[in-house]
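Please find below a short briefing on a protein model with a bound ligand. The sequence and coordinates are shown first.

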Amino acid sequence: MNAILDGIDLSDRVCVVTGASSGLGRESARALAGAGAHVVLAARNGDALRKADARIHEGVDGARTTTVQLDLTSLASVRAAAATIAQLVPAVHVLMNNAGVMFTPFGRTENGFEIQFGTNHLGHFELTRMLLPQLEAADGARIVNLSSEGHRLADIDLDDPNWERRDYDKFRAYGAAKTANVLHAVELDRRMSGSGVRAFAVHPGMVATKLARHMTRDDVAAVAELPEQREVSGEREFSKLEVLTPEQGAATQLWAAVSREIDGTGGVYLADCTIRSDVAPYAIDAERARRLWQLSERLCDQA
Ligand SMILES: NC(=O)c1ccc[n+]([C@@H]2O[C@H](COP(=O)([O-])OP(=O)(O)OC[C@H]3O[C@@H](n4cnc5c(N)ncnc54)[C@H](OP(=O)(O)O)[C@@H]3O)[C@@H](O)[C@H]2O)c1
């Protein structure tokens, strides 16, 4: 079991984890199941999902899991997944919006959204919106959005979120999507805290997963040279940043999901199992969070 969950009994909880077929999502799902939760593993690749589920059952005696097909690049798939989850369980105690893609070549989702914004933010925005009744029913639910220190690469352009009037930049598009993940948590928390639903944004650290699958060697060098990346790395050289295992990397999102230390808080950015104030100001700006929410609602409603 992940050390963060030592001594914690989640046998009365339902936890939904997106991107549970790989990396941080797979490790989080395993750890939550190990603590007794009923875990709903949501991912798009059916084979990888079945393998991740089988691995949990090999390691956790009596694990309670359900797998649900979810492709965040299709709002029809997102809505179908939410409807399936709503039929399965009356309440969701933890929604871990973990799935993500990074530095993808330019592309559009089924609904015409830029791929990184569409997958990392809008797909999760719609999933969360559809699951609000189940989250409210949990009486103290938490929503955990996986963001990244990469949010410092760019703010979201609220006038052109889908890169229709600018040349595409895959680094800035990732930064914008990860900024959107923080802003989403800020506005969700503002709207929902009265119903006992709290939302958090998490940076997991630099973790050895398949996330960098779209990166070439040239990209690694280019990212290391970006002025914004120096802010991410601080004084340390990019290539010398500590790389964590998925088990180590999942610690902060698990902490966000269950820790009593953050009871009564929300709409904040977490890293290294602490609340961090060193987040880019544009990512926690309440007015921008409100505007992104309205824009996301409009884009999803029109799609
Ligand atoms: N690893 C790091 O260093 C790091 C650092 C900062 C933040 N993060 C964040 O952590 C989160 C998890 O990333 P990871 O490192 O665990 O990467 P990963 O190993 O690549 O896992 C990403 C997961 O997201 C799923 N996914 C991608 N596109 C999807 C879609 N359209 N619909 C449904 N699922 C989709 C993937 O499924 P498929 O196999 O089907 O693609 C996979 O299960 C991401 O949000 C990432 O931005 C990671």
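The points that follow cover the sheet, the helices packed on it and the surroundings of the ligand.

This is a predicted model. Its eight strands form an open sheet of mixed pairing, and the protein buries 95% of the area that the ligand exposes when taken alone.

**Sheet**
- The strand order is E3-E2-E1-E4-E5-E6-E7-E8.
- Strand E3 (64-69) and strand E8 (274-276) form the edges, each pairing on one side only.
- On average, neighbouring strands of this sheet are turned by 25 degrees against each other, direction ignored.
- Strand E7 (residues 268-271) and E8 run antiparallel and are joined by three bridges; Ala-271 stands opposite Thr-274 in E8.

**Helices on the sheet**
- Helix H6 (residues 170-192) packs on the sheet and touches strands E4 (94-97), E5 (142-146), E6 (198-203) and E7. The direction of H6 makes about 160 degrees with that of E6.
- Helix H10 (residues 251-258) also packs on the sheet, touching E4, E5, E6, E7 and E8. The direction of H10 makes about 160 degrees with that of E5.

**Ligand surroundings**
- The ligand is surrounded by 30 residues, the closest being Ser-22, Tyr-174, Val-207, Thr-209 and Arg-213.
- This shell divides into eleven nonpolar, 14 polar and five charged residues.
- Helix H1 (23-34) and H6 each supply at least two residues of the shell.

**Polar contacts of the ligand**
- An N or O atom in the side chain of Arg-213 lies 2.6 Å from a ligand oxygen atom.
- For the side chain of Tyr-174, the distance from an N or O atom to an oxygen atom of the ligand is 2.8 Å.
- A polar backbone atom of Gly-100 is 3.2 Å from an oxygen atom of the ligand.
- Taken alone, the ligand exposes 890 Å².

Methods
Residues numbered from 1 in each chain as written. Predicted model: local features only at pLDDT ≥ 70, side-chain atom pairs only at ≥ 80, totals over all residues. Heavy atoms only, no water. Pairing = 2+ DSSP bridges. Helix = DSSP H or I, 4+ residues; strand = E, 2+ residues; numbered from the N terminus. Axes fitted to C-alpha atoms, helices over the stretch in contact; angles between N-to-C directions. Contact = heavy atoms within 4.5 Å. Near = heavy atom within 4 Å. Polar contact = N/O pair within 3.5 Å; in protein donor to acceptor, adjacent residues only side chain to side chain. Areas by Shrake-Rupley, 256 points an atom, 1.4 Å probe, with all protein chains shown as cover. Nonpolar A, V, L, I, M, F, W, Y, C, P; charged D, E, K, R; others polar.
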